[in-house]
Amino acid sequence: DGENDPEPMYVVFTRTGNRVFVGDRANDRVVVFRARDFSVEATIPAGAGVFHMWADGRGTQLWVNNDIDNTITVINPRTLTVEATIELPADLVAMGGKPHDVILDAEGNNAYVTMLGFAEDNDYLLHYDAHTFAELNRAPVGKDPHLSLTFHNEFLYVPAQESDLVSVFNRHTLELVAEVTAPGAHGAGMPLSGQVFYTTNLPNGGTDGIIAIDLRSNTVLGTTDTPYGVPHNIALTPAGDKLYVTHSGGASDKVTVYEIGADYLPTYAGEVTVEFNPFGLSYVP
């Protein structure tokens with residue numbers, strides 16, 4: 001419990017300490033659970049408007065976007081302390097921008113943040129040094145952008161729902177490498193093996209609800225219908241043989257499950273009934 005009724009947003013698992021971190025937007029904090037039994041270990045203060053968050057593969061940093069006070073809270077998952085609070089670029093904030101999605105590379109050297117809310121026809125992608133917290137690069141992207149990457153290549157995948165595309169950037173320079181048409185592209189995920197990027201077609205009622213994109217050719221491999229609308233966020237098993245999707249909305253209580261075969265296309269395998277408005281999710285091995 002907090003001062004306000006808890007409002008869970010996104011969830012991140014780290015092998016460091018075998019912990020599960022859950023952002024609580026209503027109380028400006030991150031709640032830390034022990035993965036072995038989901039008992040509460042600690043709470044960590046964050047900024048106002050806790051939203052997307054991500055930890056690097058080594059579990060050295062957890063970046064938490066705060067979209068009300070326009071900051072990023074950097075947490076040490078080992079010590080459960082706040083290492084830094086990063087102010088978003090003042091020029092972009094003055095244009096109406098707010099931090100949205102965030103991802104770190106596996107080594108924990110680079111962090112990437114999207115900002116949205118601009119009156120112009122594009123939003124923005126920012127590249128940070130994860131050690132100095134300095135902004136290194138920025139690039140315009142499609143509207144309502146999210147993020148995914150794999151350690152098997154040097155690219156960053158940015159689905160943009162309102163622009164109906166997935167943009168592919170060089171992670172070091174933010175040079176645009178390719179664009180793939182993908183209607184309603186929102187959720188973002190890929191297995192550790194990194195052959196395929198999966199995104200969700202959030203607004204289309206479940207038709208073509210999951211889109212699979214080949215990373216070698218940057219072309220659409222195929223689509224899979226989902227039995228419920230608003231396919232939102234994605235989690236995969238480390239082996240990439242199962243994929244899970246939350247179906248968000250106040251009256252929704254479903255997470256759907258898919259098996260992934262040799263063709264890398266998800267096949268519907270079942271569903272799990274959860275509480276209302278399932279949102280973020282993470283796979284805990």
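This passage describes a four-stranded sheet and the surroundings of two residues in a predicted model.

The model is predicted, with local features requiring pLDDT of at least 70 and side-chain atom pairs counted only at pLDDT 80 or more, whereas totals for chains, interfaces and linings use all residues. Residues are numbered from 1 along each chain as its sequence is written, and side-chain values use heavy atoms, with hydrogens and water left out.

Four strands (a strand being a DSSP run of E, at least two residues, numbered from the N terminus) form an open sheet in the order β1-β2-β3-β4, with antiparallel pairing, where two strands pair if DSSP finds at least two bridges between them. The edge strands, each pairing on one side only, are β1 (8-14) and β4 (40-45), and the twist from one strand to the next averages 20 degrees, with axes taken as lines fitted to C-alpha atoms and angles running from 0 to 180 degrees between N-to-C directions. Between β1 and β2 (residues 19-24), the antiparallel pairing extends over five bridges, and phenylalanine 13 stands opposite valine 20 in β2.

Aspartate 101, located in strand β9 (residues 98-104), counts as buried because its relative accessibility is 7%, the cut-off for buried being under 20% relative accessible area (1.4 Å probe, protein chains only). Beyond neighbours within four places in sequence, the contacts of aspartate 101 include His52, Asn65, Tyr112 and His146, contact meaning heavy atoms within 4.5 Å. The C-alpha atoms of aspartate 101 and asparagine 170 are separated by 18 Å, the two residues being 69 residues apart along the chain.

Histidine 232 lies in strand β21 (residues 231-236) and, at 7% relative accessibility, likewise counts as buried. With residues up to four places away in sequence not counted, histidine 232 touches Tyr10, His186 and Phe279, among others.

Conventions
Buried < 20%, exposed > 50% of the residue type's maximum accessible area, 1.4 Å probe, protein only.
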